[in-house]
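Work through the exercises below with the sequence and the model open. Try each task before reading its solution.

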Amino acid sequence: MHYIDFHTHLDSYKNQKELLEQLAGFGGTIVAASMDANSYKKNLQLEEKAKALGCSARIIPTFGIHPKQALNAPQNLSVYDSLCEQSPLIGEIGMDFCWYKEASPQKQEEVFRYFLNYCNVSGKACVIHTKDAEKEICKILEDYPKARPIIHWYDGPLDIFQEFMHRGYMTTFGCETCRSKHIQNLLKQTPLNQLLAETDNPDSEPWLGGSDNSVNLIKRVYSDIAQVLGLSLEDVGKIIEENSNFLLN
């Protein structure tokens, strides 16, 4: 099966040698999200190293400014235009009123809207972080109907999730799926043609109390999704691969 992890942070792995060894034996696709320009550069370097070593994994680095880094964004956001053009899709972007309050809601929204405007014009997909800003993001996205949002690790209010699904947004489910009844309920309400999978490696599984943050964690996530939906692992694989290819190709 061709596993597709639609959201990781490969640049955050501390042991790069060990990571490259894992990638050598991983035959799937990994979308490597970036927090800022520096992490995007690191992900591009990892992609080149993996290719040079003959790793079987397909790595897709993507550029974005995470809400955690919004405070450090320059006043003239157009300096990011060339990186946006280079990136096959945009991410990680969004707003967060829970964990990252250093940047004001206004600054976060300014940076978020810059990327949404780019995606609205270019038609590129964008991976969106929504923690405790779900209502605001739902409203903002109305202004960018061609931005093709992908909602990353959603665990917010049900009514907003249902609106996202009604609009046709893709959404990722990850390593909290097996732990959260709320997320399992969201998964059951997700149209199959809007379903993606992620790990948010390398920090999320340890943060939740687990120990496996290898690139192979995505295999367990697929299994968790299959169990909740009552589908075979093979069917889940086909669904996610078709949805992922629609975005990546």
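Helices (H or I, at least four residues) and strands (E, at least two) are DSSP runs, numbered from the N terminus. This is a predicted model, in which local features need pLDDT of at least 70, side-chain atom pairs count only at pLDDT 80 or more, and totals for chains, interfaces and linings use all residues. Residues are numbered from 1 along each chain as its sequence is written, and side-chain values use heavy atoms, with hydrogens and water left out.

**Exercise 1. Place E205 and list what it touches.**

Step 1. Find the element. E205 sits in helix α8, residues 204-207.

Step 2. Check burial. Buried means under 20% relative accessible area, exposed over 50%, and partly exposed in between (1.4 Å probe, protein chains only). E205 has a relative accessible area of 4%, so it is buried.

Step 3. List the contacts, meaning heavy atoms within 4.5 Å. Not counting residues up to four places away in sequence, E205 touches C175, R179, G210, S211, D212, L217 and R220.

**Exercise 2. Do the same for Q184, then find the partner of its side chain.**

Step 1. Q184 belongs to helix α7, residues 181-188.

Step 2. Its relative accessibility is 14%, so Q184 counts as buried.

Step 3. Leaving aside neighbours within four places in sequence, Q184 is in contact with T177, C178, R179 and V228.

Step 4. Look for a polar contact: a pair of N or O atoms within 3.5 Å; within protein, one must be able to donate a hydrogen and the other to accept it, and residues adjacent in sequence count only if both atoms are side-chain atoms. The Q184 side chain reaches the backbone oxygen of T177 at 2.9 Å.

**Exercise 3. Describe the two largest pockets.**

Step 1. Fix the terms. On a 1 Å grid over the protein atoms alone, a pocket is an open set of points where a 1.4 Å probe fits, with protein on both sides within 12 Å along at least five of seven lines; lining residues have an atom within 4 Å of a point. Grid points are joined across faces, edges and corners, and a volume is the space filled by probe spheres set on the points.

Step 2. Take the largest pocket. It holds about 710 Å³ of space. There are 27 lining residues, and H66, Y100, H129, D200 and S204 are the closest to its centre.

Step 3. Sort the lining by class. Ala, Val, Leu, Ile, Met, Phe, Trp, Tyr, Cys and Pro count as nonpolar, Asp, Glu, Lys and Arg as charged, and the others, Gly among them, as polar. The largest pocket's lining has seven nonpolar, ten polar and ten charged residues.

Step 4. Take the second largest pocket. Its volume is about 160 Å³. The lining residues are S12, Y13, K14, N15, E18, L19, Q22, P202, D203 and N213. By class, that lining has three nonpolar, four polar and three charged residues.

**Exercise 4. Examine the backbone at D200, P202, W153 and E92.**

Step 1. Recall the background. Most residues other than glycine have a negative phi, and most peptide bonds are trans.

Step 2. D200 is in the loop between β8 and α8. Its phi is near 55°, a positive value in a residue other than glycine. D200 counts as buried, at 11% relative accessibility.

Step 3. P202 lies in the loop between β8 (195-197) and α8. The peptide bond joining N201 and P202 is cis, with omega about 0°.

Step 4. W153 lies in the loop between β6 (149-151) and α6 (158-167). Its phi is near 45°, also positive in a residue other than glycine. W153 has 17% relative accessibility and counts as buried.

Step 5. E92 is in strand β4, residues 90-94. The G91 to E92 peptide bond is cis, with omega near 15°.

**Exercise 5. Trace the largest nonpolar core.**

Step 1. Define it. A nonpolar core is a set of buried Ala, Val, Leu, Ile, Met, Phe, Trp, Tyr and Cys residues joined through side-chain atoms within 4.5 Å.

Step 2. Find the hubs. The largest core has 79 residues, of which F6, F115, L116 and F164 touch the most other members. Helix α4 (residues 105-122) supplies the largest share, seven residues.

Step 3. Follow F115. Leaving aside neighbours within four places in sequence, F115 is in contact with F63, G64, I65, Y80, C84, I90 and I93.
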